[in-house]
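Me: Please take a close look at one part of this model, the surroundings of the ligand, and then follow the aromatic rings from there.

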Amino acid sequence: MDIETLQTELMAAIDSAGTLEALEAVRVSALGKQGSVSALLKTMGGMSPEERQTQGPIINGLRESITSALAAKKAELETADLNRRLATERVDMTLPAPDAPRGTIHPVSQVMDELAEIFADMGFAVAEGPEIEDDWHNFTALNIPETHPARAMHDTFYFPDEMARDGQKMVLRTHTSPVQIRTMTSQEPPIRIIAPGRVYRSDSDATHTPMFHQIEGLVIDKGIHLGHLKWTLETFLKAYFEREDVVLRLRPSYFPFTEPSVEVDVGYSVINGKRVIGGSEGWMEVLGSGMVHRKVIEACGLDPDVWQGFAFGTGVDRLAMLKYGMDDLRAFFDGDNRWLQHYGFNALDVPTLSGGVGV
Ligand code: DAH
């Protein structure tokens, strides 16, 4: 069959396709693995260079015109389909609500409530900061100057230059650490706060989403040392995982805003092939922390020879996964009702220390 006839026939088939399924069948018959257009494309490999020069553009032209005709028809059918549904489907807003509420508390909200409960018992208040943050609070004041490689590590979402405020470039905060700065510049020490909230980085796979949740902790007082940090984290992790056999391992590390910096691992045991928190068969990293860097204390207008403290930060979503057993972070933000029914919490299950923070 010559190319022109094939084109006429395919165009007619596309034009007369009355449903998306019929259109898909035409697409497969032309562009699918065994399709007529695909077969023509394959013949090009065996042509002489001269033949290819004349036939190539014709065959490619055929493929392009069929592809765009298919796309146009698809859009037309989808619009018609939507209009038909809009005309026929109705939601009766006057129907009575279901007897039992069907919504659930998202695990991230639940875990944040659990953390607030645990830290409130240790005398920590909850602090907040903006998600659209300026460069100074997100980086500079945290001892991450303009040229610091840590800026590249954070995969920052920057706002356009026109949106700068007071000469400061604006960013979607890459961590909850800027809340440390906001608290120290607005409150007199002693300070004991946690700051849970959303943070943003340009990253996406099974364990990274562009938006995720962190919780920050900050203590500023006189005579604070690493021992206070270790006790606080140990008490927190035992309460959170609801086990006395939680074992911590502190490893020296580096963060620009702490000196010294420590990364904290918790030990796990393997039971029936699954990792369970507790014991020390293996280790997984759960927190970054350290003694607040002198430069950070100074940047907030405090005297580092008088005031010292510690800070820590960790991922709330990851804490939820470790405790409640989900393994794909992306599902947290899909809004799939089946996932929410399975992993969500009852609105009346408010975490309390006396009743066990989990449910
Ligand atoms: N801000 C760090 C991050 O996003 C986490 C962190 C590490 C926070 C150490 C801290 C800290 O407060 O002391 O990776």
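Reply: What follows begins with the ligand and then turns to the aromatic pairs.

This is a predicted model, and its chain is assigned a domain 1 spanning 3–88 and a domain 2 spanning 107–343, with 53 Å between the centres of the two, taken over C-alpha atoms. Around the ligand there are 15 residues, of which H175, S177, R201, Q214 and E216 come nearest; by character the shell divides into four nonpolar, nine polar and two charged residues. At least two residues of this shell are supplied by each of strand 5 (211–221), strand 9 (282–292) and strand 10 (308–315).

Among the polar approaches, a side-chain N or O atom of E216 is 2.6 Å from an oxygen atom of the ligand, while polar backbone atoms of A311 and F312 are 3.2 Å and 3.3 Å, respectively, from a ligand oxygen. On its own the ligand has 360 Å² of accessible area, and the protein covers 90% of that.

F312 also leads to the rings, as ring pairs link it with F119, F124 and F236 into a cluster. The count of aromatic pairs comes to 10. One of these, F255 with F257, is stacked, at 5.9 Å centre to centre and 20 degrees between the planes; F257 counts as buried because its relative accessible area is 12%, whereas F255, at 21%, is partly exposed. Another pair, W339 with Y343, is tilted, with 5.0 Å between the centres and 50 degrees between the planes. Both residues lie in helix 12 (residues 337–343), four residues apart, or about one turn of the helix; here W339 is buried, at 13%, and Y343 is partly exposed, at 22%.

Technical notes: Residues numbered from 1 in each chain as written. Predicted model: local features only at pLDDT ≥ 70, side-chain atom pairs only at ≥ 80, totals over all residues. Heavy atoms only, no water. Domains from an automatic or database assignment. Near = heavy atom within 4 Å. Polar contact = N/O pair within 3.5 Å; in protein donor to acceptor, adjacent residues only side chain to side chain. Areas by Shrake-Rupley, 256 points an atom, 1.4 Å probe, with all protein chains shown as cover. Nonpolar A, V, L, I, M, F, W, Y, C, P; charged D, E, K, R; others polar. Phe/Tyr/Trp six-rings, centres within 6.5 Å; stacked < 30°, edge-to-face > 60°. Buried < 20%, exposed > 50% of the residue type's maximum accessible area, 1.4 Å probe, protein only.
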